[in-house]
Amino acid sequence: GMRVVRQMDDLVPFFEAASSEALASFGDGSVFIERFVDRPRHIEVQILGDGTGNVVHLWERDCSVQRRHQKVIEMAPAWTLPDDLRQQLHQYAIQLTSAAKYKNAGTVEFLVDAELRPYFIEVNPRIQVEHTVTEEVTGIDLVQSQIKIAGGATLEEIGLVQEQITARGVAIQCRVTTENPERDFAPDTGTLSLYRHSAGCGVRMDGVGYSGLTITPYFDSMIVKYTARGSTFPETVSRMNRVLQECRIRGVKTNIPFLLNCLQHPEFKAGAVTTSFIDENPQLKETASSYWDFANEYQADPRKVNAVERLLRYLANLAVNGHPSSLGVDTAKLGTGITTSVAPPRISTVEPKSSESRGMRHILLKEGPAGLAKAVREHKGLLVTDTTWRDAHQSLLATRMRTQELVKCAEASNDALSNAFSLEMWGGATFDVAMRFLHECPWRRLETLREKVPDVPFQMLLRGANAVGYTNYPDNVVSKFCREAQESGIDVFRVFDSLNYLENLKLGVDAAGKSGAFVEGTMSYTGDVSDPSKGKYNLDYYLQLAQDLVEMGVHSLAIKDMAGLLTPKAATMLGTALREEFPNTVLHFHTHDTGGSGVASMLAAAEAGADIVDGAIDAMSGMTSQPSLGAIAANLRGTDLDTGLDPSALGAINTYWENVRSMYAPFESGQLSGSSDVYEHEIPGGQYTNLLFQSKQLGLTEKWPEIKRKYAEANIVLGDIPKVTPSSKVVGDLAQFMVAQNLDATDILEQAETLAFPDSVVNYLKGDIGVPPGGFPEPLRSKVLQGRGLKGIDGRPGASLSPYDFDLERERLQQTYGKKYISEKDLLSYALYPNVFEEWKEWEQVYGDVEVLPTHLFLNPMKVGEEVELDLGPGNQRVVKLVSISDVDDEGTRTVLFEVNGEQLYMPVTDNSVEREGLVREKAKGPGQVGSPMPGVVVNLKVKAGDKIKEGETVATLSAMKMETSIPATATGTVTRVVVNVGDKIEGDDLMVEIE
């Protein structure tokens with residue numbers, strides 16, 4: 001009811017408003033007018049009197065941390081108060097209350113201004129909430145003493161003598177309330193899903209909370225108060241920090257994050273706060289972006305403080321709704337393979353090497369890319385690149401391999417492949433799939449594995465001007481990406497362009513070269529150099545392309561045979577010609593084993609002069625993947641081309657991958673063998689697997705042969721082009737379009753002006769991904785562009801793009817997600833995949849960092865009664881049991897009950913199957929109904945049924961349209977229904993909250 005009058009015009013209206021409030025609240029409209037003291041400290045002296053004029057003081061308390069004149073944090077004594085002023089306040093308090101013959105406990109309250117002048121406020125004739133800090137520093141039980149005095153005892157009889165009352169150390173009290181600081185401390189209600197107290201030396205708890213307690217709106221929001229005591233103020237602050245961090249109250253919002261922000265603010269730690277402290281530091285209420293001063297990140301980062309609850313929300317949602325269809329899980333195969341964690345491989349046969357001779361990476365780091373190229377050419381025997389960590393699982397398992405499986409075998413792979421040229425482990429589709437489907441950070445994968453594998457060079461696939469995306473980017477994006485990738489651990493860039501377009505290749509080669517890494521200029525192989533009838537892709541074509549790449553300054557030449565078209569005969573011809581033409585250049589051959597001749601082709605390339613060939617660990621080889629690394633090594637063992645790989649070491653790793661692949665059975669395409677008709681349809685390995693899986697999902701298994709035929713036909717329609725991402729997608733999209741519309745090549749040309757071609761086809765013909773070998777197909781291109789009023793692009797598509805404004809986007813992202821949570825690598829992820837990045841961040845806000853979940857839990861929904869262990873780091877383990885899943889309620893929600901280390905935790909989840917069976921979300925219509933202003937994901941709920949709310953206050957947070965939006969209440973009243981849950985995807989105008 002206080003009003004501060006800062007100008008005379010406000011005196012009358014403020015007086016009348018205060019008087020009206022007092023009359024309505026207390027039946028008495030009397031108002032006291034007193035001097036306003038700006039930015040004072042609030043000091044109160046605790047006294048006890050026995051009614052005879054005998055009064056003692058129990059020192060003072062500093063209660064300056066206030067919100068709306070209500071105390072939040074109190075301490076005793078006021079340790080920064082000058083001693084002479086302290087004694088003066090004590091004397092004032094004694095004189096006043098002694099003269100009044102005060103009886104029982106009371107508090108004499110003062111304001112102290114900046115010039116240390118005290119002003120008397122009032123005497124509070126009762127025990128106050130903050131009396132605990134006085135009890136802790138004096139050792140006197142105030143409540144007991146008051147009861148004895150009320151019973152007639154004198155101060156002398158209960159042993160209270162002023163000279164014997166001293167303050168020992170410092171005590172701080174924090175009031176923990178069920179209030180939401182980010183909603184201006186609006187009270188929160190509901191059931192406590194988890195309640196656990198803090199304890200320890202110097203810690204006092206006063207409260208009655210427990211798991212299952214219902215917090216109602218009818219009582220004070222304070223649920224517990226903690227008092228910490230220490231010998232010094234810094235020690236006490238540190239102890240209170242620990243107390244608040246270890247306290248666990250879940251199910252309702254609390255002010256604990258706000259209290260931690262206060263305790264860790266420099267002004268508070270200096271003991272120099274005034275009653276304006278909170279008002280002058282509004283950032284204290286911004287708890288979501290806080291980061292606290294604790295050594296353990298699971299205590300410092302508020303996102304990780306609630307990490308377990310977010311992971312449980314993921315497990316609960318998975319148990320109720322299963323995986324989204326976009327993940328591509330074959331639900332019939334869930335649980336059919338290994339459903340426990342796979343143990344890391346153990347290798348003991350590899351002899352340790354000296355640091356001077358351990359791995360090609362040490363040569364690169366010491367002598368640079370040119371030195372590595374020289375070492376490769378001088379190397380006796382064939383070198384290999386293991387593709388298991390990238391292309392193998394991209395081709396066989398739709399790129400769904402999680403970082404966890406790679407980390408487990410990293411150290412063993414570092415030993416077993418110490419004689420290898422490289423490990424291909426990044427780039428291609430792994431970058432966006434990590435965020436899009438696995439909910440992982442691709443950069444963290446790279447950096448984590450780099451720490452585990454110090455000796456073997458890391459290789460990535462760079463799509464030239466497309467970087468790791470499917471479109472063109474400004475030149476500065478590609479350059480910055482290559483620089484950051486190299487600094488994070490990439491040693492070898494395999495740079496290709498899906499159309500072998502030189503201008504796109506040059507941009508990628510230059511960007512990779514400037515990073516300081518080893519650059520492979522790559523030729524995307526198509527056709528058959530051994531068959532003159534195959535047209536334009538003959539030896540002369542590849543020799544000229546190789547010459548162009550060498551002139552760009554690449555350190556090696558790579559043949560990238562995406563579909564497995566390189567026969568042994570062709571490998572011999574191409575390898576021999578390239579070696580004769582470029583005797584000093586490193587040659588590296590890559591193929592897929594779709595047709596079954598991959599091992600033979602790689603052996604032929606090696607015999608013809610290749611320095612390096614690609615293969616995959618046996619369990620991840622064959623079919624659309626790379627040929628068997630073990631088979632290549634075994635066929636060359638004891639020859640001049642011996643790879644030097646230890647078969648026992650490879651065997652241990654192979655056993656590991658056999659078990660891992662069994663666990664990933666739900667992502668298998670169903671392909672059981674190679675397919676020699678690849679020489680006809682020319683579908684790349686990874687795309688072959690995806691198209692096969694999609695055809696089965698759509699119930700088009702019987703049309704699979706037709707899809708393959710149409711793919712070959714679409715390729716010719718488009719000009720017979722190299723087929724690798726993104727050009728392969730163009731061909732695949734047109735093939736599926738032709739199947740769906742029952743079209744042939746003649747129909748395509750005749751109806752080119754009017755057919756609703758897939759966007760990828762139109763963009764290709766426009767020139768968005770470059771110029772194909774021999775130019776665009778005519779008259780198809782002209783017809784398509786003219787029919788749509790489009791103009792073709794001449795030259796490199798990205799050349800006309802303006803530089804990306806990293807500064808602008810960095811600031812925007814940091815404002816959205818917090819400065820601490822946006823790195824330069826995050827900025828690049830956003831620049832490359834803005835929508836994917838934001839969807840991933842939205843997903844993390846709801847479900848947390850699921851990368852820490854073991855894969856068998858990530859993939860397989862828990863069953864009722866199942867118990868698992870979560871290892872979140874040293875000393876941070878949880879035993880989780882799924883106790884029950886309730887029946888669906890009227891709002892389409894099921895409550896999933898877990899036990900976490902024996903404590904119950906409730907998690908509400910919207911059952912999506914109910915919606916599919918016909919339950920349509922209500923639309924907001926009336927003035928008391930709060931609807932979604934746009935489609936989005938609910939990332940936070942601020943209210944529950946029963947809450948009092950005012951019009952304009954936030955009821956929920958929606959993540960949509962590249963930003964988080966606070967949804968305001970449309971009326972003042974009581975919340976009667978909340979019909980959404982955190983994590984729900986909703987459409988525009990969907991009802992969220994109803995207010996009466």
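**Figure 1. Where helix 33 meets helix 34 in this predicted model.** On the helix 33 side, the contact is built from D826, S829, Y830, A831 and L832, and these residues meet P834, F837 and E838 of helix 34. Sorted by class, that contact comes out as 5 nonpolar, 1 polar and 2 charged residues. Helix 33 covers residues 824–832 and helix 34 covers residues 834–847; their axes sit 5 Å apart and make an angle of about 125°. An angle like that falls outside the roughly parallel, roughly perpendicular and roughly antiparallel ranges, so the two helices, 33 and 34, count as oblique to each other.

**Figure 2. Helix 17 packed against helix 18.** Here we have residues 442–452 (helix 17) and residues 475–488 (helix 18), with an angle of about 30° between them and their axes 9 Å apart. Since the cut-off for roughly parallel is anything under 35 degrees, helix 17 ends up roughly parallel to helix 18. The residues doing the touching are W443, L446, E447 and R450 from helix 17, together with F481, E484, A485 and S488 from helix 18. Class by class, this contact of helix 17 with helix 18 holds 4 nonpolar, 1 polar and 3 charged residues.

**Figure 3. The closed barrel of 8 strands.** Going around, the strand order is 15-16-17-18-19-20-21-22, and the pairing is parallel. Neighbouring strands of this sheet are turned against each other by 30° on average, if you ignore direction. Zooming in on one stretch, strand 15 (residues 383–386) and strand 16 (residues 422–427) run parallel and are joined by 2 bridges. T385 has S422 of strand 16 as its bridge partner. Moving on to the next pair, strand 16 and strand 17 (residues 458–462) also pair in the parallel sense, over 4 bridges. There, G427 is partnered with L461 of strand 17. As for how covered strand 16 is, 6 of its 6 residues are buried.

**Figure 4. Helix 21 lying across three barrel strands.** Helix 21 is made of residues 568–581 and lies across strand 19 (518–524), strand 20 (556–560) and strand 21 (586–590). Relative to strand 21, the helix runs at about 160°.

**Figure 5. Helix 22, mostly covered.** Of the 11 residues in this helix (residues 598–608), 9 are buried. They are G598, V599, S601, M602, L603, A604, A605, A606 and A608. What do the buried residues of helix 22 pack against? Their partners are helix 21, strand 21, strand 22 (612–615) and helix 23 (629–636). Right after helix 22 comes G609, with a positive phi near 125°.

**Figure 6. An open antiparallel sheet of 8 strands.** The strands line up in the order 5-4-1-2-3-6-13-11. Strand 5 (118–124) and strand 11 (203–207) are the edges, and each of them pairs on one side only. From one strand to the next, the twist averages 25°. At the strand 5 edge, strand 4 (residues 103–112) runs antiparallel to strand 5, and 6 bridges join the two. One spot to look at is T107, which stands opposite N124 in strand 5.

**Figure 7. Helix 3 lying across the open sheet's strands.** Helix 3 takes in residues 131–138. Which strands does helix 3 lie across? The list is strand 1 (41–50), strand 2 (55–67), strand 3 (70–76), strand 6 (170–177), strand 11 and strand 13 (222–230). Against strand 6, helix 3 runs at about 155°.

**Figure 8. Two cysteines in a structure with 0 disulfides.** Searching the whole structure turns up 0 disulfides. C63 is in no disulfide, and its nearest cysteine sulfur, belonging to C174, is 12 Å away. C63 is also buried, with a relative accessible area of 0%. How far is the sulfur of C409 from the closest cysteine sulfur? The answer is 19 Å, to C441, which is too far for a bond. C409 is likewise buried, and its relative accessible area is 0%.

Key. Residues numbered from 1 in each chain as written. Predicted model: local features only at pLDDT ≥ 70, side-chain atom pairs only at ≥ 80, totals over all residues. Heavy atoms only, no water. Pairing = 2+ DSSP bridges. Axes fitted to C-alpha atoms, helices over the stretch in contact; angles between N-to-C directions. Contact = heavy atoms within 4.5 Å. Parallel < 35°, antiparallel > 145°, perpendicular 65-115°, else oblique. Nonpolar A, V, L, I, M, F, W, Y, C, P; charged D, E, K, R; others polar. Buried < 20%, exposed > 50% of the residue type's maximum accessible area, 1.4 Å probe, protein only. Disulfide = S-S within 2.5 Å.
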